[in-house]
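Welcome to a short tour of a protein chain. Please keep the structure open beside the text and look up each helix, strand and residue as it comes up.

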Amino acid sequence: MSDSRPLNILIVGGGIGGLTTAIALRQQGHNVTILERSSSATEFGAAIHLPPNSNGILRRLGLRAEETGAIESCWLSEYTAAGERKACVDMHAGMGIWQHSWLLAHRVHLHNALNKFATAGEGKGRPAKLLTESNVVDVDCENATVKLEDGTEMAGDLVVAADGVNSRLRHKVVGGRIEDTTPFLSGKSAYRFIIPKALAREDPQTAHLAEKPGELLTWTGKDRRIVVYSTHYNKLMNFVCIHPDHDTKGSMEGWSIVANKSDLLETFKDFDPAVVALLNKADPQKLRLWRLMDLLALETWVNGRVALLGDAAHPFLPYQGQGAAQAVEDAAAMAVVFPLGTRPEEIHDRLILYQQCRYERATNIQEWTRQNGEDQSKQLTKPLDIIAKRMTDLFSHDAWHHSEYMLYKWEVARNPPKHRLMPLLPIIPSRAPETPTANIYVAAKIKFKSSKTMLQSWFPTDAFRFVSPGTVVTATISATTFNFSDGTTYTTYGLYLHNVAYRSADGSDHHGSYLPIEFINDTSALLRHREALGRPAVFAALEVSRGEEAFTLSGDVGELLLQGLKPEEEEEENEKVVEEDVLSYRYVPAVGEPGRCDMEYAVKARERGRVVKRFVAETASFAWEAGTSGVTVVELLREVPVLEVLRGEVVEGVCGGGDGRRI
């Protein structure tokens, strides 16, 4: 990147994917114009899922869907077509492993909020321009020029085609046979409508189906199903009634087809009378029919300076609630790979990177969705562990963090550093200093929850992983002062990522806490930690102050503060022998051979000790500040989110020694 000139970006389509992309690119500093073919840029009145993987992206952009009436998904109830309950799951109880909530939103209200975020004068970046009645009919991929239906031509640095499942630009981007880029009938259609939840509550026959807040209900028959869930402050119930096309009468052209209520009731007449009574509450004037279209994976999403996004790239069937979520993920990836200052000559290569960030995940989820929508007669019973893994794969992804990591690897591949840096010291003794014996330590620790999707990109190889599912992990910032029998003393300040496993070449797993960085205020100790324990040690000026009820660490990398220290009430916690395995990674660059190393390997060190006293803090906080030491590292540490502080404490004890070994 050579300057901070913004790109001029044209987004074709003002749906959820297009508007989210506009917000994200606006916040990156670019000039954005949205071309929407309709006259009002509005959405249809249906509800939408915002699972954790998309809700987190919207929150990053500043939009809290709860403020538009979205509610948390709390219950999942499954019934047979006859009304026999198969399962009732408390979703709220298990959602704590995800960093963000699974929300059920009203599409119209969410769309309006996105529209405002994209075009309003307030907010980060220049407001996007929204041009309605701008029907794009053609695109020049090499020159990033679009042609409107009225003959007007508009040019930009980059064109994002977010014009939906029936995209007019898809074939221009992909090329090849027209049938390979044309959606085909999936064989199913869906009635869609919304009713006030009060209507269900007032009817004794249906009241039990409207009791729980945030409940998602499903009734599944042999070749048809009904999905109902609450939305908009828990005041509305959204219906998606999926059935074979051959049961549908009348015209089948278009997205929002006016439907016949008697056809709806006839289609599901053999279902539980309670749910049929619920269907009978549909307003005939607002009942719509949606023909479900599918499209196999495209060969590419990118041509020249044009890229497909959302349903234009990967339309989804409605069996997992991931269609809009994947469009939001696309928007995140697009914004990350186009930071302010991107050179125009890099646009095509960066669009290829955008596709690499998204293609495999989006197409995999497309296929899972097809499998999830198969009729009962065709479905193979899936083991619970496969179902759980798929949910983990869906919800555990953060497209922003993933794309940042992909961008980092792309930039390194284009401009390889001459050396991967290691700590630089004024003298290198022939051997590491001996470790004094009988050392006493005082450790100030703050344990907190953080983002798995960000921190997993810190692992030096794919052999490292977090063991826990979900998107929330725990970490500890620890300042430890060692006092030795010979009078020497030093302080370390490190970040420990918990519940990590390293898989060695023989397939065995080694568990422990991963230490990505450790600051030390003594050069001899730094050498000992680096050479004997294999730790990523960096020098920093650190000072510790301990009062009766407070502990402070200050220095040129930041500050840690514990206040209101009180002795641990549980006596058994004291005089406790502790052992902890610490994982790290050792890298030795090859002198005179830029980009190569003499060796690199994982290290496991076992720390032993005995706790003598433990003090718990009423308040605990820390902040990273870039001083004279580790400036680049501290800038990265600043980005680590603290979702919740779990505990602050000071531990006094005696070290029992430690050793490091190569894995």
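The buried residues of helix H4 pack against H1, H2 and four strands: E2 (31-35), E3 (47-50), E7 (103-106) and E8 (129-131). Those buried residues are Arg107, Leu110, His111, Ala113, Leu114, Asn115 and Ala118. This is a predicted model, so please read every value below as computed from it. H4 has 13 residues, which at 1.5 Å a residue should span 18 Å, and the 18 Å between its end C-alpha atoms agrees with that.

**How the helices pack**

Two packed helices are described by the angle between their axes and the distance between the axes. Here are three pairs to compare with the picture.

| Helix pair | Angle between axes | Distance between axes | Handedness of crossing |
|---|---|---|---|
| H1 (16-27) and H4 (107-119) | roughly 30° | within 9 Å | left-handed |
| H1 and H9 | about 25° | 8 Å | right-handed |
| H2 (52-60) and H9 (323-337) | about 45° | 9 Å | left-handed |

Let us begin with H1 and H4. Their axes cross at roughly 30°, and the two helices are therefore roughly parallel to each other. On the H1 side, the residues that meet H4 are Ile16, Leu19, Thr20, Ala22, Ile23 and Arg26. On the H4 side, the partners are Arg107, Leu110, His111, Leu114, Asn115, Phe117, Ala118 and Thr119. Sorted by kind, the residues of this contact comprise eight nonpolar, four polar and two charged.

H1 also packs with H9, at an angle of about 25°. This pair is therefore roughly parallel as well. Which residues of H1 meet H9? They are Ile16, Gly17, Thr20, Thr21, Ala24 and Leu25, and they meet Ala324, Ala327, Val328, Ala331, Met334 and Ala335 in H9. This contact is made of nine nonpolar and three polar residues, with no charged ones. Ile16 and Thr20 of H1 appear in the contact with H4 and again in the contact with H9.

H9 has a further partner in H2. With about 45° between the axes, H2 and H9 are therefore oblique to each other. Asn53, Ser54, Ile57 and Leu58 are the H2 residues that take part, and they meet Ala325, Gln326, Val328, Glu329 and Ala332 of H9. Five of the contact residues are nonpolar, three are polar and one is charged. Val328 of H9 is found in this contact and also in the one with H1.

**Helix H12**

Helix H12 covers residues 399-414. Its 16 residues should span 22 Å at 1.5 Å a residue, and its end C-alpha atoms are indeed 22 Å apart. Its buried residues are Ala399, Trp400, His401, Ser403, Met406, Leu407 and Trp410. What covers them? The cover includes H2 and H9, together with helix H10 (347-372), strand E21 (440-451) and helix H13 (452-455).

**Residues in loops and a strand**

Two residues stand out by their backbone. Ala144 has a positive phi of about 55° although it is not a glycine. Ala144 sits in the loop between strand E9 (136-140) and strand E10 (145-148). Its relative accessibility is 0%, so Ala144 counts as buried. Asn234, also not a glycine, has a positive phi near 65°. Asn234 is in the loop between strand E15 (225-231) and strand E16 (236-244). With a relative accessible area of 16%, Asn234 is buried.

Now look at Arg596. Is this residue buried or exposed? Arg596 is exposed, because its relative accessible area is 53%. The loop that holds Arg596 lies between strand E31 (577-589) and strand E32 (597-616). Leaving out residues up to four places away in sequence, Arg596 touches Tyr587, Pro589 and Ala590. Arg596 and Ile16 are 580 residues apart along the chain, and their C-alpha atoms are separated by 45 Å.

Ile520 belongs to strand E25 (residues 509-520). Ile520 is buried, with a relative accessible area of 0%. Tyr493 is 27 residues away from Ile520 in sequence, yet their C-alpha atoms are 6.4 Å apart in space. Beyond its neighbours within four places in sequence, the contacts of Ile520 include Tyr490, Thr491, Thr492, Leu526, His529 and Phe539.

How values were computed
Residues numbered from 1 in each chain as written. Predicted model: local features only at pLDDT ≥ 70, side-chain atom pairs only at ≥ 80, totals over all residues. Heavy atoms only, no water. Axes fitted to C-alpha atoms, helices over the stretch in contact; angles between N-to-C directions. Parallel < 35°, antiparallel > 145°, perpendicular 65-115°, else oblique. Left-handed = near helix turned anticlockwise from the far one by under 90°. Contact = heavy atoms within 4.5 Å. Nonpolar A, V, L, I, M, F, W, Y, C, P; charged D, E, K, R; others polar. Expected span 1.5 Å × (residues − 1). Buried < 20%, exposed > 50% of the residue type's maximum accessible area, 1.4 Å probe, protein only.
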